[in-house]
Amino acid sequence: LVAEGAGADRRRALAEYELTLLAVRRPALRPVVRGYLAALAEALACCTDDTTAVRAAIAAVDGLFLQGLLDERGVSTEEIRAVLTHILGAGTG
């Protein structure tokens, strides 16, 4: 998901970040962004019961999306997997 979203067709990822930044200024939009974050947390919770690791993984996903959007090459699936495995693996021990 991260690799695709920050890949060649970046329109959706850009729209999501624009919405997130707009929600900072317009509280009425915050439930939409919170819903996305909750869904992401739920998806990551299958990997660990460590809520701190889940939060760190969400932060990493945000950072990887931004890095991928800034670099025309995107971020490789292998790099994304390594980062998330490191974070979520740390939460399982």
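**A walk through a five-helix chain**

Hi everyone. The average pLDDT over this chain is 85, and 86% of the residues score at least 70. So you know what you are looking at: this is a predicted model. Confidence is lowest in helix α1, residues 2-5, with a mean of 65, and highest in helix α3, residues 30-44, with 91. Where pLDDT is low, the predicted coordinates should not be read in detail. I will leave α1 there and turn to the other helices.

Let's start with the overall picture. How many helices and strands does the chain have? There are 5 helices and 0 strands, and from the N terminus on the order reads α-α-α-α-α. The chain has 93 residues, of which 31% count as buried. It exposes about 6,400 Å², with carbon and sulfur atoms supplying 60% of that area. Now take the contacts between residues at least 6 apart in sequence: 62% of them join residues at least 24 apart.

Next, the inside. The largest nonpolar core has 17 residues, and Leu44, Ala57 and Leu84 are the ones that touch the most other members. Which elements give two or more residues to this core? They are α2, α3, α4 (51-70) and α5 (77-90). The largest share, 8 residues, comes from α4. If you would like to find Leu84 on the screen, look at what surrounds it. Beyond its neighbours within four places in sequence, Leu84 is in contact with Ala57, Ala60, Val61 and Gly89.

Let's stay with α4 for a moment. This helix has 20 residues and reaches 29 Å from its first C-alpha to its last, close to the 28 Å expected at 1.5 Å a residue. Its buried residues are Ala53, Val54, Ala57, Ile58, Ala60, Val61, Leu64, Phe65, Gly68 and Leu69. Seen down the axis of α4, these buried residues fall within an arc of 165 degrees, so they line one face of the helix. And what sits on the face turned away from that buried side? There you find the exposed residues Thr52, Arg55 and Leu70.

Now to α3. Its 15 residues should span 21 Å at 1.5 Å a residue, and the end C-alpha atoms are indeed 21 Å apart, which agrees. The buried residues here are Val33, Leu40 and Leu44. Looking down the axis of α3, they fall within an arc of 40 degrees, so they line one face of the helix. Pro31, Arg34 and Glu42 are exposed on the other side of α3.

On to α2, which covers residues 11-25. For its 15 residues the expected span is 21 Å at 1.5 Å a residue, and the end C-alpha atoms are 21 Å apart, in agreement. Ala13, Tyr17 and Ala23 are the buried residues of α2. They cover an arc of only 120 degrees around the axis, which puts them on the same side of α2. The face turned away from that side carries Arg11, Glu18 and Arg25, which are exposed.

One residue in α2 deserves a stop of its own: Leu19. Why does Leu19 count as partly exposed? Its relative accessibility is 28%, and buried would need a value under 20% while exposed would need one over 50%. Setting aside neighbours within four places in sequence, Leu19 is in contact with Leu29, Val32 and Val33. Take the pair Leu19 and Leu29: they are 10 residues apart in sequence, and their C-alpha atoms are 7.7 Å apart in space. You may remember Val33 as one of the buried residues of α3.

Last stop, a loop. Glu72 lies between α4 and α5. Is Glu72 buried or exposed? It is exposed, with a relative accessible area of 70%. Compare its positions in sequence and in space: Glu72 and Arg10 are 62 residues apart along the chain, and 10.0 Å apart from C-alpha to C-alpha.

To sum up, we have 5 helices and 0 strands, and a largest nonpolar core of 17 residues in which α4 holds the largest share. Thanks for listening, and I am happy to go back to any of the helices.

Terms used. Residues are numbered from 1 along each chain as its sequence is written. This is a predicted model: local features need pLDDT of at least 70, side-chain atom pairs count only at pLDDT 80 or more; totals for chains, interfaces and linings use all residues. Side-chain values use heavy atoms; hydrogens and water are left out. Helices (H or I, at least four residues) and strands (E, at least two) are DSSP runs, numbered from the N terminus. Buried means under 20% relative accessible area, exposed over 50%, partly exposed in between (1.4 Å probe, protein chains only). Contact means heavy atoms within 4.5 Å. The expected span of a helix is 1.5 Å times one less than its number of residues. The arc is that of the directions from the helix axis to the C-beta atoms. pLDDT is the predictor's confidence in each residue, from 0 to 100. Accessible areas come from the Shrake-Rupley method with a 1.4 Å probe; for residues, only the protein chains shown count as cover. A nonpolar core is a set of buried Ala, Val, Leu, Ile, Met, Phe, Trp, Tyr and Cys residues joined through side-chain atoms within 4.5 Å.
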